[in-house]
Amino acid sequence: MINAKQVVKTFSGFRALDGVNLHVPKGAVYGLVGPNGAGKSTIIRNITGIYKPDSGTITIDGEPVFNRVSAKEKFVYIPDDIFYFQQATILEMMHFYKGIYKNFDEALFYRIRDAFPTVGLKDTIRRLSKGMQKQVAFWLGISCRPELMILDEPVDGLDPVMRRQVWNLLMSDVTEHGTTIMVSSHNLRELEDVCDHVGIMHKGKVILEHSLKELQSGVCKIQVAYREQMPPLPPEVDLLHMSNLGRVYTLIVRGNPAEAKVRLQATDPVLLDVLPLTLEEIFVYELGGEDYEVKEILF
């Protein structure tokens, strides 16, 4: 759905994007994570056509985005700082969106109204809090029936109940209509339950991009214990990290979990258990050689 190849963007000599390569498959929920200043918002503004890349290419569904109405009408963009006509009511904004998006579903707009009980149709935008304005953005955005939703720090300012409500609505849209979602966040925990593809940015580059299936099948956590001292590990075991508490050792191993378990069974442990890794742990151990700020933001 989204393809970015060797995208470069500079501001007053600062290289904010340094040859970004990024691919968001159609129908995927893609999480883009990384520390502040990594370039997440900049690449999103290039993808949405707000900025024009200095070099490189960006396409949505095979079509260039910059100055292309036909490409832009396929997606809805919800940034961290939302723009509205401050004197307008929610109902007036609904008619505005309806005039822009040809697939706007007015019946859906009224049907999901109850999901946002704290805002009313006649409320003036300028009187709403940031969190309430964010609710309106999702209400209008989902009603547009877009092929693609691009979200930058989407649930900041929402309380936990409303966060769950919004994600439920978005996931229903993905399931029922195959909507593609790209969401940027510096909080990996927030994305773990919803994303099926994840990319991490650092210093203007996408340094890792995988599906969750690939990530979870490529690294595993194994706990082992021995009667005496821990013996040397088989050379086939690709050890990323090891810690211990008494005689119980926790190993982070790259490779197929089943194969790693078989190899470790040959060392005659009294305890051997394969445990699931969180996305945070996967990224931290996969990126063990990266700078401190990458590891810090993922903990």
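Helices (H or I, at least four residues) and strands (E, at least two) are DSSP runs, numbered from the N terminus. The model used in these exercises is predicted.

**Exercise 1. The chain as a whole**

Task: State how many helices and strands the protein chain has, and what percentage of its residues is buried.

Solution.
1. The protein chain contains 11 helices and 14 strands.
2. Of its 299 residues, 48% are buried, where buried means under 20% relative accessible area.
3. The C-alpha trace spans about 75 × 45 × 30 Å along its principal axes.
4. The chain exposes about 14700 Å², and carbon and sulfur atoms supply 50% of that area.
5. The 33 positive and 38 negative charges have mean positions 4 Å apart.
6. Among the contacts with a separation of 6 or more, 68% are between residues 24 or more positions apart.

**Exercise 2. Strand β1 and its partners**

Task: Find which strands pair with β1, and describe the turn between β1 and β2.

Solution.
1. Strand β1 covers residues 2–11 and pairs with β4, residues 55–60, in the antiparallel sense over 5 bridges.
2. Within that pairing, Ala4 stands opposite Ile58.
3. Strand β1 also pairs with β2, residues 14–24, again antiparallel, over 8 bridges.
4. Here Lys9 has Leu17 of β2 as its bridge partner.
5. The strands β1 and β2 form a hairpin with 2 residues between them, and Ser12 in the turn has a positive phi of about 50°.

**Exercise 3. Helix α1**

Task: Decide whether helix α1 is largely enclosed or largely open, and inspect the residue Gly49 just after it.

Solution.
1. Helix α1 covers residues 40–47, and 6 of its 8 residues are buried, so the helix is largely enclosed by the rest of the structure.
2. The buried residues are Lys40, Thr42, Ile43, Ile44, Asn46 and Ile47.
3. Just after α1, Gly49 takes a positive phi of about 85°.

**Exercise 4. The sheet of 6 strands**

Task: Give the strand order of the open sheet of 6 strands, name its edges, and place helices α5 and α6 on it.

Solution.
1. The order is β6-β7-β8-β3-β9-β10, and the pairing is mixed.
2. The edge strands, each pairing on one side only, are β6 (75–78) and β10 (205–211).
3. On average, neighbouring strands of this sheet are turned by 15° against each other, direction ignored.
4. Strand β9, residues 197–202, runs antiparallel to β10 and is joined to it by 6 bridges; Gly199 stands opposite Glu209 in β10.
5. Helix α5 (residues 130–143) lies across β6 and β7 (148–152) and runs at about 175° to β6.
6. Helix α6 (residues 160–177) packs on the sheet and touches β3 (29–33), β7 and β8 (180–185), its direction making about 145° with that of β8.

**Exercise 5. The sheet of 4 strands**

Task: Work out the order of the open sheet of 4 strands, its edges, and the strands that helix α9 lies across.

Solution.
1. The order is β12-β13-β11-β14, with antiparallel pairing.
2. Strands β12 (238–245) and β14 (271–275) are the edges, each pairing on one side only.
3. Neighbouring strands are turned by 20° against each other on average, direction ignored.
4. Strand β11, residues 219–225, is joined to β14 by 5 bridges, and Ile222 has Val274 in β14 as its bridge partner.
5. Helix α9 (residues 257–265) lies across β11, β13 (248–254) and β14, running at about 25° to β11.

Methods. Residues are numbered from 1 along each chain as its sequence is written. This is a predicted model: local features need pLDDT of at least 70, side-chain atom pairs count only at pLDDT 80 or more; totals for chains, interfaces and linings use all residues. Side-chain values use heavy atoms; hydrogens and water are left out. Two strands pair if DSSP finds at least two bridges between them. Axes are lines fitted to C-alpha atoms, for helices over the stretch in contact, and angles run from 0 to 180 degrees between N-to-C directions. Contact means heavy atoms within 4.5 Å. Buried means under 20% relative accessible area, exposed over 50%, partly exposed in between (1.4 Å probe, protein chains only). Accessible areas come from the Shrake-Rupley method with a 1.4 Å probe; for residues, only the protein chains shown count as cover. Lys and Arg count as positive and Asp and Glu as negative; His and the chain ends are not counted. The place of a charge is taken as NZ of Lys, CZ of Arg, CG of Asp or CD of Glu.
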